[in-house]
Amino acid sequence: MGTAPAPLLKVCGATTEAEVRAARAGGADLLGLWHGVPGGRSDLTAERLTALAAATREGDGPVPVLVTFAHDAEAIAETALAAGVRWLQLHAFQPPSTVAALRAELPDAMIVKAVHLQDGRCLERPLLSAYAHTGTDLFLVDTTTADGRVGSTGVSAPPEAVRALLPALERPFLLAGGVRADARGRYAEVTGHPGYRGVDVDSAARGPDGLLDRAAVARLVHAWTAPAPLPGAVPPPEGTTP
């Protein structure tokens, strides 16, 4: 029997080379770079996306991930190729046809499809099998706000809703939605699931200045990618460095 892959820590929303360095120093595995997120506070031009993707790839840095709300598979593929990015995260409500078209454009890409919980219900549930069979490699289980806003909402995914969704995913998954360093205990059944591949974090990876922070990233790496704690173990307090 093979060993499950080590869980990954993805931090999202870098906009500067300093944030790239902080993510690298903190031990992040993946770094989300926004492009095609209208009005998004971390949205990058194509030129900045290319520059930060190159900075991310330097040395033993994290893997850059293009995070987009765009629906045009041809345009997404063109942007990814120009930036030298292989991981693609479709974070809005793109249909399975977009996944299929993107897979045709980029057969070797790693395609991550976000799905969204609202009031404990997965909005894309009727489409999960279609997403899985048109080219999705990983699902990302995220949340929406009450008014339907998606992406870096800071709203935590209810553990019971995530657990109920897992049998329907058909692919491995990342957990997102208000993920904090001190919250792993609430998700013990989720992180113990064979499909668990790690977490995607934005707000909790930032310091008081709102920028990605090495110490905050390191706490998240320790909390979510280490082996599951023994029953009764007490996690380190929020705000301490492991």
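**Exercise 1. Decide whether E74 is buried or exposed, and find the patch it belongs to.**

Step 1. E74 has a relative accessible area of 53%. Buried means under 20% relative accessible area, exposed over 50%, and partly exposed in between (1.4 Å probe, protein chains only). E74 is therefore exposed.

A word on the source: this is a predicted model, where local features need pLDDT of at least 70, side-chain atom pairs count only at pLDDT 80 or more, and totals for chains, interfaces and linings use all residues. Residues are numbered from 1 along each chain as its sequence is written, and side-chain values use heavy atoms, with hydrogens and water left out.

Step 2. Now place E74 in the fold: the residue sits in helix 3. Helices (H or I, at least four residues) and strands (E, at least two) are DSSP runs, numbered from the N terminus. The C-alpha atoms of E74 and L106 lie 9.5 Å apart, with the two positions 32 residues apart in sequence.

Step 3. Look for the patch. E74 joins D72, E78 and E105 in a negative surface patch. Patch members have over 30% relative accessible area and no salt bridge, and like charges are joined within 9 Å; Asp and Glu count as negative.

Step 4. Check one more member, D72. This residue lies in the loop between strand 3 (63-68) and helix 3 (73-83), and counts as partly exposed because its relative accessibility is 45%.

**Exercise 2. Find which parts of the chain the salt bridge of R48 and E17 links.**

Step 1. Start with the search: the whole structure holds 8 salt bridges. A salt bridge is a side-chain nitrogen of Lys or Arg within 4 Å of a carboxyl oxygen of Asp or Glu.

Step 2. R48 and E17 meet this way, at 3.2 Å from N to O. The bridge links helix 2 (residues 46-57), which holds R48, to helix 1 (residues 17-26), which holds E17, across 31 residues.

Step 3. Add the exposure. R48 is partly exposed at 30%, and E17 is partly exposed at 31%.

**Exercise 3. Describe the salt bridges of D137 with R103 and of E189 with R163.**

Step 1. Between D137 and R103, the closest N and O atoms are 2.6 Å apart. D137 stands in the loop between helix 5 (128-134) and strand 7 (138-143), while R103 belongs to helix 4 (residues 96-105), 34 residues away in sequence.

Step 2. The relative accessible area of D137 is 26%, so D137 is partly exposed. R103, at 17%, is buried.

Step 3. For E189 and R163, the N to O distance is 3.7 Å. E189 lies in helix 7 and R163 in helix 6 (residues 159-165), so their bridge ties together parts 26 residues apart in sequence.

Step 4. E189 is exposed at 57%, whereas R163 is partly exposed at 32%. Finish with the network: E19, R41, D202 and R206 are joined into one by salt bridges that share partners.

**Exercise 4. Characterise the aromatic pair of Y187 and W224.**

Step 1. The structure contains 2 aromatic pairs. Rings of Phe, Tyr and Trp (its six-membered ring) pair if their centres lie within 6.5 Å; planes under 30 degrees apart count as stacked, over 60 as edge-to-face and the rest as tilted.

Step 2. Y187 and W224 have ring centres 6.0 Å apart and planes at 55°, a tilted pair.

Step 3. Y187 is in the loop between strand 8 (173-175) and helix 7 (188-191), and W224 is in helix 8 (residues 214-225), 37 residues apart. Both Y187 and W224 are buried.

Conventions. Patch = residues over 30% accessible without salt bridge, like charges linked within 9 Å, V, L, I, M, F, W, Y side chains within 5 Å. Areas by Shrake-Rupley, 256 points an atom, 1.4 Å probe, with all protein chains shown as cover. Charge placed at Lys NZ, Arg CZ, Asp CG, Glu CD.
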